[in-house]
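Visitor: Could you take me on a close look at the spot where the ligand sits? I'd like to know what surrounds it and what touches it.

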Amino acid sequence: MKKTIKTQNPYSGKTLETYKYISDKELDEKLALAQTTFEEWRHTELEERSALLLDVAELLETKKRTYADLMTAEMGKPITQSIAEIEKCALLARFYAKNAENFLADAIIETDAHESFISYDPLGIILAVMPWNYPFWQVFRFALPTLTAGNTAVLKHASNVTGCALVIQDIFEEAGYPKGCFQTLLVDHDQIETVIKDERIKAVSLTGSEKAGKSIAEQASAQLKKSLLELGGNNACLILGDADLDKYMDTIFKARMQNTGQSCIAAKRYIVVEEIYDEFMERLKSKLKKLKIGDPTNPETELSVLARPDLAEDLKKQVDKSIEIGAELISGNTMDGAYFEPTILTNVKPGMPAFDEETFGPVASIIKVKDEDEAYKMASTSKFGLGSMVFTKDFESARYRISDIEDGAFFINDMVKSDPRLPFGGTKISGYGRELSKEGILEFVNNKTVYINK
Ligand code: NAP
């Protein structure tokens, strides 16, 4: 007998819904439908596929409050941030509606042939395994370009956001996508293994932790199937001696606290040059004091609970262990259910969880360094490679560091963030492959070489 999935409101602790996993037979039927739909969908005019994106955008915009309420109930995101997430999904749909034709057009390459070019053909059914921290954005970021390229998709979402997972399937159907283009699978980890082994599945995209990434990528590679991995990060945020804190302190703070600290690209390590250290700490403490903490359904709330109580427990262990080996607790580090008090830790050093690992919650880890060189050295002392950011008035000199940064992104005087127009992805244990922009829509296609002589 299979277990059921129970969703729980992390703020109230109340059970929201109970769902049943699908049987292996139902799973097979869904994959069969995805395959049949693919055979037709792949031959649909790109113009038609792109037009549906506008219907998705409109639906998201019209019903944003309903979707945002569900997201907030399932994982505790402050409501204004949930609404913003839905709006960003709509923006992404509009972006690909405008640009997909250009991105997917044959790329002519002059050779000895009469004609030669690359044709971007869809692959088939793509499996997505997604996390709960941005329950809509992560899925749409994958699905919109992947479907527009002519693939069909099946989703295994994080269990705690099963309601969102089902609603997302409804959105595609309500927008007019053929049945079977996008399906949510309520499956457990063992069934995912079956899905990956199924020959109708052509590739896998996973956003999640390193552990899940390794497991899924191993299973995909055993079947010689492509995988794309968007994994964790512990982004460095460098505050150089000349940083303009009047202008950028809000951004610097938001870079750590948004989404209650549960963002892969959050500023997980503040690396601060000693010249500006005291001023930075004063401003950080003052911003923390003013943070509006509480009920995620209240539009005033800026920070609320984590998505599940076990996440708060894990974070507490990381902070406690860091303190045990020399980090200094300035404030915070209490918990209650899924709530984790925003925390400031100083004297953070390599070897501590607060430096080496990803802390997925509102923990500001401060690393004091003597100068700019040491700051950049500390930044790259990480096995993660999602992104780095630097705040300095001398942005011209920061340019010289671009080639030294090994991460997937380097932001000067801004927080690392995603933008539909720019590629997004990591290096090292933060994963591989790119989402968004032209790069994203070309991840799940066959770059077919076509060579024609008269
Ligand atoms: P997670 O525990 O790795 O779960 C992610 C997804 O993988 C969930 O759907 C989960 O399903 C599934 N999963 C986990 N282990 C699996 C296995 N062995 N077989 C099949 N499926 C498996 O991650 P999370 O806690 O949801 O998300 C937080 C992590 O995601 C953080 O590390 C964060 O940095 C990362 N993330 C990265 C990005 C990026 O773009 N790089 C963006 C957002 C988040 P269940 O829920 O059923 O376990």
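Guide: Start with M130: one of its polar backbone atoms is 2.7 Å from an oxygen atom of the ligand. Keep in mind that this is a predicted model, so to speak a computed picture. Two side chains join in with polar atoms of their own. R141 has one lying 2.8 Å from a ligand oxygen, and W132 has one 2.9 Å from an oxygen of the ligand. On its own, the ligand has 900 Å² of accessible area, and the protein covers 86% of that.

Now zoom out a little. The ligand takes up the space of the largest pocket, with 27 residues around it. M130 is among the closest of these, along with S159, S209, L231 and E358. Sort the shell by character and you get 13 nonpolar residues, ten polar ones and four charged ones.

Where do these residues come from? Three helices, α5 (137-148), α7 (189-197) and α8 (210-222), each hand over at least two of them. Of these, α8 gives the largest share, with three residues. Both domains take part too: domain 1 (4-231 + 429-452) and domain 2 (236-419) each contribute at least three residues to the shell around the ligand.

Conventions. Residues are numbered from 1 along each chain as its sequence is written. This is a predicted model: local features need pLDDT of at least 70, side-chain atom pairs count only at pLDDT 80 or more; totals for chains, interfaces and linings use all residues. Side-chain values use heavy atoms; hydrogens and water are left out. A residue is near a molecule or strand if one of its heavy atoms lies within 4 Å of it. A polar contact is a pair of N or O atoms within 3.5 Å; within protein, one must be able to donate a hydrogen and the other to accept it, and residues adjacent in sequence count only if both atoms are side-chain atoms. Accessible areas come from the Shrake-Rupley method with a 1.4 Å probe; for residues, only the protein chains shown count as cover. On a 1 Å grid over the protein atoms alone, a cavity is a set of points where a 1.4 Å probe fits but cannot get out, and a pocket is an open set with protein on both sides within 12 Å along at least five of seven lines; lining residues have an atom within 4 Å of a point. A molecule sits in a cavity or pocket if more than half of its atoms lie within 2 Å of its grid points. Helices (H or I, at least four residues) and strands (E, at least two) are DSSP runs, numbered from the N terminus. Ala, Val, Leu, Ile, Met, Phe, Trp, Tyr, Cys and Pro count as nonpolar, Asp, Glu, Lys and Arg as charged, and the others, Gly among them, as polar. Domain bounds come from an automatic or database domain assignment.
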